[in-house]
Structure formats: C-alpha cells, structure tokens
Amino acid sequence: MQYHLNGYTFGDPTIAPAAPDHRQPGDDLPEQVDVLVVGTGPAGAVLTAQLAEFPEVSICTIDRRTEPLARGHADGVACRTVEMFEAFGLADTLLSEALWVNETAFWSVADSGKGITRTGVVQDVADGLSEFPHVIVNQARMQELLFDNAAKTPSRHSVDYGWKYLSQTLDETQEYPVEVTVESTAEATAGQTRTLRAKYVVGCDGAGSVVRKSIGRQLHGDAQNHAWGVLDILAVTDFPDIRKKAVISSEAGSMILIPREGGYLVRMYADMGAVPEDDAEFRKRITVDQVIDQANAILSPYIVDVRDVAWWSVYEVGQRIADGFDNLNDDERAANQPRIFIAGDACHTHSAKAGQGMNVSMQDTFNLGWKLGAVLRGQAHPSLLHTYEHERKVTAQQLIDYDTRWSSMVGSRDADEPVTPQEVQDQFVRGGKFTAGFGTHYQPEFSRLTGENTHQDLATGFEIGTRFHSAPVIRVADAKPLQLGHVHQADGRWRVYLFADESGVGTGSTVANWCERMSTEASSAINRFTANDADPDSVFDVYAVTQAHHLDVDVNDIHPLLQPTKGKFALKDYEKVFAAEQTNGQLLGTIPGLQATQDIYQLREIDRSKGAVVIVRPDQYIGHVLPLDEFEAFDQYFETYLLDANVTV
C-alpha cells in the first residue's frame, strides 16, 4: 500500500485521517443523509464499506437489531468474494483466519443397509480460476471486518443499531427526496419514531424486507416444501472427512458438511424431509435434538457425538426473485432516476446448498456502491443507476436457476428421479466456475457499461463483461512480484491497463503515444472527466505492462501519465509500470497464487504484436478491450455516463 504522500505519518497506515465533520458513535440520527443503508447483513456491510471510502458522501446505516450479529447464518466465501475483499485490503486477514476448502468429498450408499461410503474426492476449485481459494468464515466475522474497515476511513463510519425501517414518502422537488420514518427497537426508547431525509435508500434488510414491500415489489418463485436443519457444532466423530467439505447422500436423506474456521467447529445441513402441505408450524416443531438425530442417521455407520451447539436453525428451500430491484417501472426510467433500491436477500432468495447467498448479496452492493458514489460526487449522470437493476437482476436469475439444479441434484430421499453419486459429483465439477463466483457476465444488451467484443481478440483471456482475471507481474521500479489485479482498490476509480506491444513503454512506443494523446488532447476522456485541481489518477488509474525484462526498463523514460505527480509535494508515483516475466515455476514472494510458469500475455492470451487497452470498472469487471491506437472509442465509452469535470455550471 502507499502512504506518506503528504508528509510522514506515524501509526497504522490503514487508518486514514479523520474528516473534520465526521459523526461520532452514539450521535443522534442525522436529519438528512445522502444514502440510508437499511440492514447490516452481507449486502449492507459491503455497501457501507464502499460508500465510507468517499468522505464527500454522507451515509447512515441502520439495523433493527440492537447489536451486531454474533453467530450463525452464512459461512461459505467464494473466490470472487475474496478478490473483492482484497480491494478493501482485507484479504490477508480473511485468509489467515479462514478454513481453506481444498477438497470436496462425496459419500453415498454402497450397499443397501450398510450405510454410506466415500465415492469420490475432487479438488474444490479448479486450477487457474483465481489466485485465491474458496474459504469458510462465518457471516458475523465477514461483516465485522467490513464495518471495522469503514470505521478506519475519514468518515469514521459506525452503524446505528436499534432502528427499524417503517415507511417512506417520495418528493422529487426536494434536495433529499426520500423522507423515511424509523422506529426505535432499543429497550429504553422502544416505539419512539424519527424521520430523516435521504437522497437514496438501499434496502439490505433480508427476505422479509420492509423496504421491498414499501415500494410494492414482490418475490416470485417456488418453495420446494422441504426442510433442512443446520447445525454449527463442536463434536467428536469417527467420520473420516469431518475436516473436508462433504456432499452426502444416504437412505436416511442428504447432508452437506462444511468444516468451519478454527479447526474444531463444523456445520451440517441435514435433510429433515418434506414439509406437509398447509402445515405452517412444521419447521417450528423441529427440535435441535431431532436435527442431531437426523445427522447421525444420515452419517451411519459413523457417529457424531455433539458436545456443544453454537447455533442451529431450520429453513425451507425456496428460490424466489423480486419483480424489480428499485422503485421504478420500465416506463418510468426515461424521465426519472431510481431513489430506492433493494439488494441481497431482499431481492433474491435461494437454498444454502450452492453457497452463493452471502456472496451474491455482497456482489449486488459492490456493483451499486461505486455507482452511487460516482453520482453523488458529481462524476456520473444519475442514469448510471439504472444499470444496477439491469445487471444484477440477470445475475440473480442465473443464481436461482443454478441453485434449483444443484438443490435437485443434491436431492432428498423424496426425489422422484434419484440421481447417481457420479452424477452429483459431475454436476459439482461442471458448476465449479459458478460456485467460485465467476458465473457473472454482464452483456451489452443489458448494460451500456459493457462494450462490444469487436476487439476481444486482442486479449481473449480478459473477456468483456467478466471480472478482471489477475495474473502475476513484476513491478518495474522495485522488482516486487505481485498480482496485477491487487492494485485495484475499492476507491471508485476506473483502472486502465495498457498492455504494451513489442515497442515497450519508453519514448516513441505505442504506449507512450497513447499516454501523450490522452494527456495533451483536451477532448480526451482522461482530461474531460478529471478535475483540473485533482490528482491526475483520481478518476482513471492507468497502468502499463511491458513484455521487456524489468531491468531493461528505464524509469526516467516512462511517460508522466504512468508516473503521475501527486499530493501537496507533487511526488512521483513509481508503482504503475510492470513487467510480464516468466518465473520458471519459482514462487514469487509469499502472496497466494503468485507461482507462474507463463507470463500474463500467455496466461490471458494478449496479442504481443498489437498489445491492448483493458478498461476495468470500479467493481473489477471488464468494461472494454480496445487497441492502443483507438482513441475515439475509448473516449466514447466514458461519455455514456461520466460528466465533464471542468465545466462551470
């Protein structure tokens, strides 16, 4: 990380200097706020952490709980989510605490009446999908990390617990159009109501979302009328794969076993059978002892001796999606901007078997957060906010479809068409890319943030509309090996990666010519959309990768756009040029995933003779791939939503 830009600072560099007017913990609710975040689950935590990065934006996060979540709920963290945590600077902490899921074991009935036997073991995440593993960390800890991170930003943001969202009215003639009524749930003030005004409201308040209901949105879909018990336990057992993820099918039912962080805790999802029709109390009558007994029946001939239950619950499988993710109908979009959004379980629900609920919820608000920040800071037109529903509704439907297939494959003892153990294992392998979090692909027909694939052949491994797939590089200035994608911080900036052709990055190169045009042409996107009084990389964070060896690059021969001067002392930033070097299999440092026998050009199939420009959105998704000599298309891409930064109104 970079610091000391404006003078030497003492102490923890992850704690930014506080803004002079930041709210203090325990302060009264504000009378007006740019964004009101309702709910502190995974979606609300990511949105809070992202918006807290923008000190110009005022936010208030409320939750009907009177204190933070302590246990239970989701625990599977997909590779894609770890990549996102890296953007917040939290991946190292996450990986050090987490259980790494390296293998998944499959168990089924070998001979009737003789119990289960292992039928296969597969690598949990296929090679090359990500530099990060699939890990297990409980939801409460994930949220704590994000809120702690928000507290380190200049806004020193803290959550206002003990407030329940009741209703809102909308008046577009007001600067803060949404008037919200909330009610206290704290014991001393229970029932007291307050009103506050907001420019935007985001409902991250779960499947029973009050925000969703208040804007007339409904969840549509089907329940499978099947109950599952979930246990977080400390236990003694003779089941040999107790510290591996396991998918188990027996004559007594099905189970998914998830070892938890810390080396001792384990989670079991146990099939409790069909829910009788018209029996709304069925799940409520199931006891923890019944779930434990069922777990033992499924695992027979193995035994689980439960010594402690940390948390347990019973849920019913169902896949539902909201008919809209904001307060506007399609015929209202041309003349209006959305003011109220829903995210996470508020707009899509599903089973826990695919391990995607928490992960997709976080990606919802990682998508929305930078867009709200860009609009509120005057960088982007409010029409950018329409892309949230267009992009995330498609992704949510893909999740619902996948979860439906996987739930039926994992199955239950009541399935009409039982599947074989091999079919379950094969489906797990086929769905590996999706469960790792890489199924999202934003298409041009749903979002103008996704460019056409006219020049995709220049970098076929950076597929437009998918997340930027990192790869190892060497930083030229100090020879530090690192993952290129790890320069991408959750700070709302666009990343532009210039992959050099064979002319390199020095004077007279194609890259230098690109930089010169972008720096000197007044109509270039970089000049139009970056304020004259801001740091040169405050909107567009431009990097270059050369095919040359790092020792063959003269740092004094690099264009100023790639070594921008910043801060009050106009210091030069040396950390924006990298070399794509093969490593002959040697481990590059101690960072996970930094072993490479191919360079980034080979790994991501970049045209060595032509190079490429790869535009990456603030949420790490690839917006466009263009030639190094195609300037107009670059400018036009950003004209769609960004606003001129130097026009006096």
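Val-616 finds its bridge partner in strand S27, where it is matched with Ile-622. This is a predicted model, and that residue pair is a handy way into one of its sheets. The strands concerned, S26 (residues 612-616) and S27, run antiparallel to each other and share four bridges. From there we can look at the sheet, the helix packed on it, and then the aromatic rings.

**The sheet around S26 and S27**

- Seven strands make up an open sheet with mixed pairing, in the order S20-S19-S25-S22-S21-S26-S27.
- Its edges are formed by strand S20 (481-483) and strand S27 (622-626), each of which pairs on one side only.
- On average, neighbouring strands of this sheet are turned by 30 degrees against each other, with direction ignored.
- Helix H12 (residues 510-520) packs on the sheet and touches three strands: S21 (494-499), S22 (540-546) and S26.
- The direction of H12 makes about 145 degrees with that of S21.
- As general background, strands of a sheet pair through backbone hydrogen bonds, in either a parallel or an antiparallel way.

**Aromatic pairs**

- Searching the whole structure turns up 22 aromatic pairs.
- One of them joins Phe-239 and Tyr-302: the ring centres are 5.6 Å apart and the planes stand at 75 degrees, so the pair counts as edge-to-face.
- Phe-239 sits in the loop between strand S12 (219-237) and strand S13 (245-250), while Tyr-302 sits in the loop between helix H7 (288-299) and strand S16 (304-322), so the pair ties together parts 63 residues apart in sequence.
- Within this pair, Phe-239 is buried, with a relative accessible area of 2%, whereas Tyr-302 is partly exposed at 22%.
- Tyr-637 and Phe-638 also form an edge-to-face pair, with 5.0 Å centre to centre and 90 degrees between the planes.
- Both Tyr-637 and Phe-638 are buried.

**An aromatic cluster**

- Tyr-637 and Phe-638 belong to one aromatic cluster together with Trp-370, Trp-494, Trp-514, Phe-540 and Phe-634.
- If you would like to place some of these rings on the sheet, strand S21 covers 494-499, strand S22 covers 540-546 and helix H12 covers residues 510-520.

**Charges over rings**

- Arg-467 has its charged end over the ring of Phe-438, at 3.8 Å from the ring centre.
- Arg-339 has its charged end over the ring of Tyr-200, at 5.1 Å from the ring centre.

Notes
Residues are numbered from 1 along each chain as its sequence is written. This is a predicted model: local features need pLDDT of at least 70, side-chain atom pairs count only at pLDDT 80 or more; totals for chains, interfaces and linings use all residues. Side-chain values use heavy atoms; hydrogens and water are left out. Two strands pair if DSSP finds at least two bridges between them. Helices (H or I, at least four residues) and strands (E, at least two) are DSSP runs, numbered from the N terminus. Axes are lines fitted to C-alpha atoms, for helices over the stretch in contact, and angles run from 0 to 180 degrees between N-to-C directions. Contact means heavy atoms within 4.5 Å. Rings of Phe, Tyr and Trp (its six-membered ring) pair if their centres lie within 6.5 Å; planes under 30 degrees apart count as stacked, over 60 as edge-to-face and the rest as tilted. Buried means under 20% relative accessible area, exposed over 50%, partly exposed in between (1.4 Å probe, protein chains only). A charge sits over a ring if NZ of Lys or CZ of Arg is within 6 Å of the ring centre and within 35 degrees of the ring normal.
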